[in-house]
Amino acid sequence: MAIYEYISPCHFGLEAVLKKEIIDLGFEIVQVEDGRVTYRADESAIARANTFLRTTERVLLLVAKFKAETFDELFEKTKALPWEKFIPKNGKFWVTKATSIKSKLFSPSDIQSIMKKAIVERLKQKYHLDWFAETGAEYPIRVTFMKDEITIGIDTSGESLHKRGYRRLTSKAPLTETLAAALLSLTPWKRDRVLVDPFCGSGTIPIEAAMIGMNIAPGRNRRFLSEQWENLIPPKHFSAARAEADDKVLRDITLSIIGYDIDRDIVSAARQNAILAGVDHQIHFQAKPVAQLSSPKKYGFIVTNPPYGERLEEKAAMPALYKEIGEAFAKLDTWSYYIITGFEEAQKYIGRMADKNRKIYNGMMRTYFYQFQGPKPPKKGESMKFSKEEQKAE
């Protein structure tokens, strides 16, 4: 099998989570940088990475990295690359996205145009053609300039991997599926423990938790652009990845996952999304304000994305809301709480300093993942001073 290098981007601050996922799939880590991880594996990784990685937006097949400070240099070095190894005669190819940070070449449209011309010139020479119909499979190219070094990759995913296929209805400020999965990975939550999201919105955190608990691969029920690339990856690899994903699903388990939201319509939407994800039987959704949060169970987890006043008219309501959150959490004194928010005074109004605070960029927005860790449950065999009601609830 051919060995390639791949690049998977992620939210800034979550590189370690993605790195662990990649290692767990058996791939070799090459480099970890801000917002992306590079790794090495054979051609079957195109199918397996797209199917199983929960915390990346896409999988790029790395073509090359080089330095370029002028457009002439960019043209010549791009033309020198072995594009015929990746793009067939009838392939449709274009530079779909170009970004530039701290580099002399900074115009995305000029970078895209010059690179397209260079690739055409290379393929003209190799295929002895003067014109390309581009009627075949698509090979969108993504490039990033950082301090004059360009990284060139071909997008194997197509539609972003955060689109699992289940979220047809969304709330006003939804959390992406990839970010929700990453946040859950940063907690000690396991499938045998209760998990509550009191601001569940369209249900992303509970649904991702249920998929993790049932070991449902995030890409199990969707297609990828590279399935058209029979010149690079045989279809059998995608069939094998889907069969592997089906084999790994834990169907005979019962999870304790709850999603609350004050908006009845959005709770209804969350239920519909859970049905599409195939996990509706694992999640209890209910219209309920955070002030009514309660549970007879001990040692549970709250993972949530409450409002944080992105709109100016909402900011005045944030202190009262976070005070209410703090009061609700205080009633569950053996629980652990994990909150992602852009409200910088969250700890002040919750009334407690977080045990850990992780800075995460949600797109261009800086947010904080506050981690309030509760006591660990007693180990099996240790004395547990529960009432009969509490024992029954457990």
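Is Cys 10 buried or exposed? Cys 10 is buried, with a relative accessible area of 11%.

## Cysteines

Welcome to this structure, which is a predicted model. Alongside Cys 10, you can look up Cys 200, which is buried with a relative accessible area of 5%. A disulfide needs a pair of cysteine sulfur atoms within 2.5 Å, and by this rule the model has 0 disulfides.

## Where two helices meet

Next, find helix H3, residues 71-79, and helix H4, residues 108-127. Their axes come within 8 Å and cross at roughly 35°, and the crossing is right-handed. On the H3 side, the contact is made by Phe 71, Leu 74, Phe 75, Thr 78 and Lys 79. H4 contributes residues including Ile 111, Ile 114, Met 115, Ala 118 and Arg 122. Sorted by character, the residues of this contact comprise 8 nonpolar, 2 polar and 5 charged.

## Strand E11 and its neighbours

Now turn to strand E11, residues 301-304, which is covered on both faces. In a regular strand, side chains alternate between the two faces of the sheet. Here Phe 301 and Val 303 lie on one side, with Ile 302 and Thr 304 on the other, and all of them are buried.

E11 pairs with strand E8, residues 195-197, in the parallel sense over 2 bridges. Within this pairing, Val 196 has Ile 302 of E11 as its bridge partner. E11 also runs parallel to strand E12, residues 336-341, and 4 bridges join the two. For Phe 301, the bridge partner in E12 is Ser 336.

Conventions
Residues are numbered from 1 along each chain as its sequence is written. This is a predicted model: local features need pLDDT of at least 70, side-chain atom pairs count only at pLDDT 80 or more; totals for chains, interfaces and linings use all residues. Side-chain values use heavy atoms; hydrogens and water are left out. Buried means under 20% relative accessible area, exposed over 50%, partly exposed in between (1.4 Å probe, protein chains only). Axes are lines fitted to C-alpha atoms, for helices over the stretch in contact, and angles run from 0 to 180 degrees between N-to-C directions. Helices (H or I, at least four residues) and strands (E, at least two) are DSSP runs, numbered from the N terminus. A crossing is left-handed if the near helix is turned anticlockwise from the far one by less than a right angle, and right-handed if clockwise. Contact means heavy atoms within 4.5 Å. Ala, Val, Leu, Ile, Met, Phe, Trp, Tyr, Cys and Pro count as nonpolar, Asp, Glu, Lys and Arg as charged, and the others, Gly among them, as polar. Two strands pair if DSSP finds at least two bridges between them.
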